[in-house]
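My notebook is open and the viewer is running. I'll jot down what I look up, one stop at a time.

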Amino acid sequence: MHEPEFHDLSDDSDYAASQQQGLGGSVFGSDPGMTSGFNEREGSEVVYSKDNVTIHPTQYGSERISGRLRLVKQGPSLFMTWVPYKPSPDGADFLGNNSNSALSEKDRNLYTITPVPLSDVRSVRRHTPTLGWQYMIVVLSSGLAFPPLYFYSGGLREFLATLKQHVHIVRSADDANVFLVNDFQDPLQRSLSSLELPRALSVVNGVSSKDLASSVPSFENSERLNGRTYYVNPNTSEYSRRHKHKSHDPARDISLQVLEKFSLVTKFARDTTSHIFRESQSNSFDSYERKQQKQSPELIPAISTPSEEQSHSNDGVVEPDPLEFDKINLVWGNPRQPPLSSDEWAALLDSEGRIMDSNALRKRIFYGGVEFNLRKEVWKFLLGYHAYESTDAEREYLASIKKSEYETIKSQWQSISPAQAKRFTKFRERKGLIEKDVVRTDRSISYFDGDDNPKVALLHDILLTYSFYNFDLGYCQGMSDLLSPILFVMEDESEAFWCFVSLMERLGPNFNRDQNGMHSQLFALSKLVELLDAPLHNYLRQADCLNYFFCFRWILIQFKREFEYEKIMRLWEVLWTHYLSEHFHLYICVAILKKYRKKIMGEQMDFDTLLKFINELSGRIDLDGIIRDAEALCICAGENGAACIPPGTPPSMPIETDTGLYSSQPEDL
Amino acid sequence: MATIGNNHLNAKLVLLGDMGAGKSSLVLRFVKGQFLEFQESTIGAAFFSQTLAVNDATVKLEIWDTAGQERYHSLAPMYYRGAAAAIIVYDITNMDSFERAKKWVLELQKQGNPNMVTALAGNKADLEDKRKVTAEEAGAYADENGLFFMETSAKTAANVNDIFYEIAKRLPHFSMLFLGCPPNTLLLYIINTMQVKEYEAIEWELPFRSLKQDKGQVRINLCRAEAEINALSKENKLLDDENKMLLRWLERETAPSD
């Protein structure tokens, strides 16, 4: 373990002081002309321009800054610049991502790369993961680096080719993905070592890493560190104090330990003022931390990465048994609160029925859920069917409009005569699918039980109407599971339909024929497990289980089959708040896997056994405990976690294209 | 993938068929002896296992139950890959489900293992008054395509155990060990089981020939094979080509002989 180095980073006061002394190189001069010698007015030629090059500045997947990367030739010099887009009026960039809207002008200025001469660049490291976007990290002569630039629309190869035409580039002999610029006498070692976190810190702090290592902080410091990094309530900090030095402290989980440090650095970097940012390029830490997350195996030897731990164990070095970490339950998120009550709800509304602080509402529901009798009202907001800022009167009006709209769509299939249906195979087949499924959906729930239960007919009518509302998607197995609790709560055909429509806006891609919605979630899940539980990830890799298909059912229908009816309503309302993450369901997956990791690894489960085991967990998972675990994991993972999840991954709003959201294929019913 | 202990065989079996044909009901009747009138749909896949005694050996069937909707078709190969057996299920009261079953047969003939034992199950045989697919039609189709056919009822349990037993009996006792294994897995298996480190390709036929003589029984005398392979082990390593040659030989020699 490398505790001392971690704690060094916590020494905020020293760090801040060093910032003020202005130590560390600077390229973010307030006057670009002065700093770089770039003059916009003089004749310059854009030799490379690429749109949709993006940085991932924060922990929320939706917050990504897209911009334009350019290489500009001016006289004999080449400059690189990256300018983020201004937000469009509707807050969406042309990819349909809600990316730049959440960022202030200040943030945009902060991340803008004002023209930097290539003579100031030491190296470019290219990253071309098999899945996900290519990105590069540009390291400056000072040893500092810009945040990773993700090439959402490709063009990294072209960038390097263009660079090659204008400046002298040498491909590193040691690493084919590192391109050295203007750095001939200094071999790769130095450029790589400059990427190492402690060393880079020393650059910024103006002290050697040796000094840092010797100043082992006190126990108190590390507490403070936790206080800064996490959402810590009295219980959890008491918990961590009690367990701080015990061998089974969950904080000793290697992956989490690494993460902890990185989220500290990231948060600290964010918390500093833009002034400090400009002066010292603290955002270079972003790049270290990302680099760590993206490719921990090969870099940052100073920090014991999960994969390094693994290789140590393989070498026969005695390491703590990874299975031991499980001995303490990961219950360390906030204690669950009682569900939102009618009184609390009333207090959240203004006199006309607007929700005054939707964020407070979402937070409250995230931590406690909603009392049953309120669900009918509250779910409509969570699902996005009602706007938080709407008034009672507006909602009442909307309901009546929507009711007649529903009746119109419903009448479309109701008016199909038997003779017409005979010549309408697709309709018959689709109706057949729905009929087969509604009669076996939640029939053990009293609401749906018994012969000829009219509620079953309601399920049928709503699903068939939906398949006309969204003909391209149609009906897919699993939809009846998603509709059932909604109808149970709404007790109204039209309202249930529109709530279901809202839910399907987000979950529709789960049912795409090509399975891409599911694949992107399963892929993100594998990345999250790699981040949050490296030993488990390594186990699943060697067991050839990395496709995570054993979690297919969890994700497809949002754990509907895993919890009893009351519990699933609770979980869904928590997920729908999107409070900590739009993809909190993936953290729930990680939390469950982590809870059973010892059994999975200890019993050497193969894919078959694992799938059977996971399916049989149904009804046996402690919901509150798992939500708390997932909360802790989500906070811990921070933006590293968000970076595991590609934009557009359900339940993010799908990216709209001209051809429609759902590809309809001939065989599709 | 199939593996073997002394008198014990494991074989992977996959259930395919239209949604609502009764795949889950069949397997639950067989494995748990239960039947639910409203068996919920299968999301993704489910896995069950059940051990049968066949002659003096036991066969553990590892059963994959899949989602029936065409929409999830793209996931199916993941489940039938490496399967030693398949039951293709249709609903005798639904002609479309029979047509769908035929498509599954075609797909398995194209993509599946050529040695796969395939059964055709006409389920819901208790619903005689609603029958749309005659046993004659289905039986004739099965004969043409080398399937064995039974009408079953998960509800009444009629023919349910029988169809699984019949599969276990028909599993080619030797080749099932290695069905779906890539050649290297086969080799690793042999090396691990027999503790043979090195050997000569040309002499591989011998131990297997001796196993083949036992074909009347499911029992496989691994000890004898082990001794023989040990005796044969030489210094040469198998090359990839030889490896493939070996597998081809295995497939040829161990095809079911009726």
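**Entry 1: a loop residue.** I started at A:Phe511, which sits in the loop between helix H23 (493-507) and H24 of chain A. I kept in mind that this is a predicted model. Is A:Phe511 buried or exposed? I noted 0% relative accessibility, so A:Phe511 counts as buried; the cut-off for buried is under 20%.

Next I asked what A:Phe511 is in contact with, leaving aside its neighbours within four places in sequence. On the chain A side I wrote down A:Leu473, A:Cys476, A:Gln477, A:Gly478, A:Met479, A:Leu482, A:Met504 and A:Leu556. From chain B, I found B:Arg71 and B:Tyr72 on the list. I also checked A:Gly478 by distance: it is 33 residues from A:Phe511 in sequence, and their C-alpha atoms are 8.5 Å apart in space.

**Entry 2: into the next helix.** Moving on to helix H24 (residues 516-532) of chain A, I picked A:Ser520. A:Ser520 counts as buried because its relative accessibility is 18%, and the limit is 20%. Not counting residues up to four places away in sequence, I saw A:Ser520 touching A:Thr649 and A:Pro650.

**Entry 3: where the chains meet.** B:Arg71 made me curious about chain B. How many residues of chain B are in contact with chain A? I got 28, against 31 residues of chain A. Between them the two chains bury about 2,700 Å², with 55% of that on carbon and sulfur atoms. B:Arg71 turned up again here: together with B:Met19 and B:Ile43, B:Arg71 is among the chain B residues that lose the most area to chain A, and the three make up 29% of what that side buries.

I then went through the polar side of things. The rule finds three salt bridges across this interface. One I looked up is between B:Glu40 and A:Arg561, with the closest N and O atoms 3.5 Å apart. For polar contacts between the chains, I noted eight residue pairs, both residues at pLDDT 80 or more. Strand S2 (45-54), strand S3 (57-66) and helix H2 (76-80) of chain B each supply at least two residues of the side that touches chain A. S2(B) gives the largest share, five residues. By type, I split that side of chain B into 13 nonpolar, ten polar and five charged residues.

**Entry 4: the cores.** My textbook reminder: in soluble globular proteins, nonpolar side chains tend to be buried together. Which members of the largest nonpolar core touch the most others? Among its 153 residues, I found A:Phe550 and A:Phe584. I followed A:Phe550 and, beyond its neighbours within four places, listed contacts including A:Leu540, A:Cys545, A:Leu593 and A:Phe607. Apart from that core lies another of 32 residues, including B:Val59 and B:Ala84.

**Entry 5: one covered helix.** I looked at helix H16 (residues 358-368) of chain A, whose buried residues include A:Leu361, A:Arg362, A:Ile365 and A:Phe366. What covers them? Helix H15 (342-348), helix H17 (372-382) and helix H31 (623-643) of chain A are among the elements I noted. Just after H16(A), I spotted a positive phi of about 80° at A:Gly369.

**Entry 6: stepping back.** I counted up chain A last: 31 helices and nine strands. Of its 669 residues, 58% count as buried. Among contacts in chain A with a separation of 6 or more, 72% join residues 24 or more positions apart.

Key: Residues numbered from 1 in each chain as written. Chains lettered and ligands numbered in written order. Predicted model: local features only at pLDDT ≥ 70, side-chain atom pairs only at ≥ 80, totals over all residues. Heavy atoms only, no water. Contact = heavy atoms within 4.5 Å. Buried area = accessible area lost by both parts, 1.4 Å probe. Salt bridge = Lys/Arg side-chain N within 4 Å of Asp/Glu carboxyl O. Polar contact = N/O pair within 3.5 Å; in protein donor to acceptor, adjacent residues only side chain to side chain. Helix = DSSP H or I, 4+ residues; strand = E, 2+ residues; numbered from the N terminus. Nonpolar A, V, L, I, M, F, W, Y, C, P; charged D, E, K, R; others polar. Buried < 20%, exposed > 50% of the residue type's maximum accessible area, 1.4 Å probe, protein only. Core = buried A, V, L, I, M, F, W, Y, C linked by side-chain atoms within 4.5 Å.
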